[in-house]
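Hello,

Here is the structure I promised to pass on to you. Have a look at it first, and then read my notes below.

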Amino acid sequence: MARTLILMRHGKSAYPAGTEDHERPLAPRGKREAALAGTWLRAHQPPIDAVRCSTATRTRETLAATGITAPVEFEAGIYEATTDYLIELIGLTDPAVSTLLVIGHAPGLPWTAWDLAATHDTEDALRLSRKFPTSALAVLRLSGEWDRVGSGTADLVTFHVPR
């Protein structure tokens, strides 16, 4: 069974004085673009079965703005995750899940999307390698089970930046 993995960077955040990085909220632009991302996901991707989301305020607000209502697990480790951590986390996904959305941060998400992609010479891969802006979505397809995810095991189907 083919699986769809969607890696989404949080929306544009605000920088209120005296607010720790983990607690920074979304800026109005971030809310708007996250909502656009949710609309795009519903129109162009399979229904999302599960979400793994960083515990940071801006990622939680991004998820809320998308309108995605799939079951969610908040994972503190996504906040400063390495590629290895994210791949291990993805590999722990329930086999019943067909489409997984992970909402997190740069540089972990862009590096993971790049690492999982089997090919790096497509237009979408080149765009992703140059910049993975806020609210951007990397959509990858895996042909095997979640626990077999690893470097070069996915096809980068699209890289979408909602604006």
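Let's begin in a loop: serine 143 sits in the one between E5 and E6. Is serine 143 buried or exposed? Serine 143 counts as exposed, because its relative accessibility is 64% and the cut-off for exposed is over 50%. Along the chain, serine 143 and arginine 3 are 140 residues apart, yet 6.3 Å is the separation of their C-alpha atoms. Please keep in mind as you read on that this is a predicted model.

Now to the sheet. It is an open one, made by six strands in the order E3-E2-E4-E1-E5-E6, and the pairing is mixed. E3 and E6 (154-160) are the edge strands, each pairing on one side only. From one strand to the next, the twist averages 20°.

Try finding E4 (99-104) in the viewer. Which residues of E4 are buried on each of its faces? On one side they are Thr99, Leu101 and Ile103, and on the other Leu100, Val102 and Gly104, so that both faces of the strand are covered because these are all buried. Put as a count, six of the six residues of E4 are buried.

E4 has pairing partners that you can trace residue by residue. E1 and E4 pair in the parallel sense, over six bridges. E2 and E4 also run parallel, and four bridges join them. Leucine 101 in E4 is a handy place to look: it is the bridge partner of isoleucine 6 and also of valine 51. Leucine 100, in the same strand, is the bridge partner of alanine 50.

Next come the helices that pack on the sheet. H1 (28-44) touches E1, E5 (137-142) and E6, and its direction makes about 30° with that of E5. H4, which covers residues 108-116, packs on the sheet too, touching E1, E4, E5 and E6. The direction of H4 makes about 150° with that of E1.

H4 also packs with another helix, H5 (123-130). Two packed helices are described by the angle between their axes and the distance between the axes. For H4 and H5 the angle is about 150°, and the axes are 10 Å apart. Why is H4 roughly antiparallel to H5? The angle makes it so, because anything over 145 degrees counts as roughly antiparallel. The crossing of the pair is left-handed. Where they meet, H4 contributes Pro110, Ala113 and Trp114, while H5 contributes Ala125, Leu128 and Ser129. By type, the residues of this contact are five nonpolar, one polar and no charged.

Two further helices are worth a look for their buried residues. In H2 (residues 57-66), these are Thr57, Arg58, Thr59, Thr62, Leu63 and Thr66. They pack against the strands E1 (3-9), E2 (50-54), E3 (72-75) and E4, and against helix H1. Just after H2 comes glycine 67, with a positive phi near 80°. In H3 (residues 83-91), the buried residues are Thr83, Leu86, Ile87, Leu89, Ile90 and Gly91. What do the buried residues of H3 pack against? Their partners are E1, E2, E3, E4 and H4.

Finally, here are two more loop residues to compare. Proline 47 lies in the loop between H1 and E2. Proline 47 is exposed because its relative accessible area is 67%, and over 50% is what exposed requires. The C-alpha atoms of proline 47 and threonine 99 are separated by 6.8 Å, although the two residues are 52 residues apart along the chain.

Threonine 134 is in the loop between H5 and E5. Is threonine 134 buried or exposed? Threonine 134 is buried, because its relative accessible area is 9% and buried means under 20%. Leaving aside residues up to four places away in sequence, threonine 134 touches Arg9, His10, Gly11, Lys12, Arg29, Glu33 and Arg163.

If you want a route through the viewer, start with the sheet, go on to the helices, and leave the loops for the end. Do write back with any questions.

Best wishes

Note on methods
Residues numbered from 1 in each chain as written. Predicted model: local features only at pLDDT ≥ 70, side-chain atom pairs only at ≥ 80, totals over all residues. Heavy atoms only, no water. Buried < 20%, exposed > 50% of the residue type's maximum accessible area, 1.4 Å probe, protein only. Helix = DSSP H or I, 4+ residues; strand = E, 2+ residues; numbered from the N terminus. Contact = heavy atoms within 4.5 Å. Pairing = 2+ DSSP bridges. Axes fitted to C-alpha atoms, helices over the stretch in contact; angles between N-to-C directions. Parallel < 35°, antiparallel > 145°, perpendicular 65-115°, else oblique. Left-handed = near helix turned anticlockwise from the far one by under 90°. Nonpolar A, V, L, I, M, F, W, Y, C, P; charged D, E, K, R; others polar.
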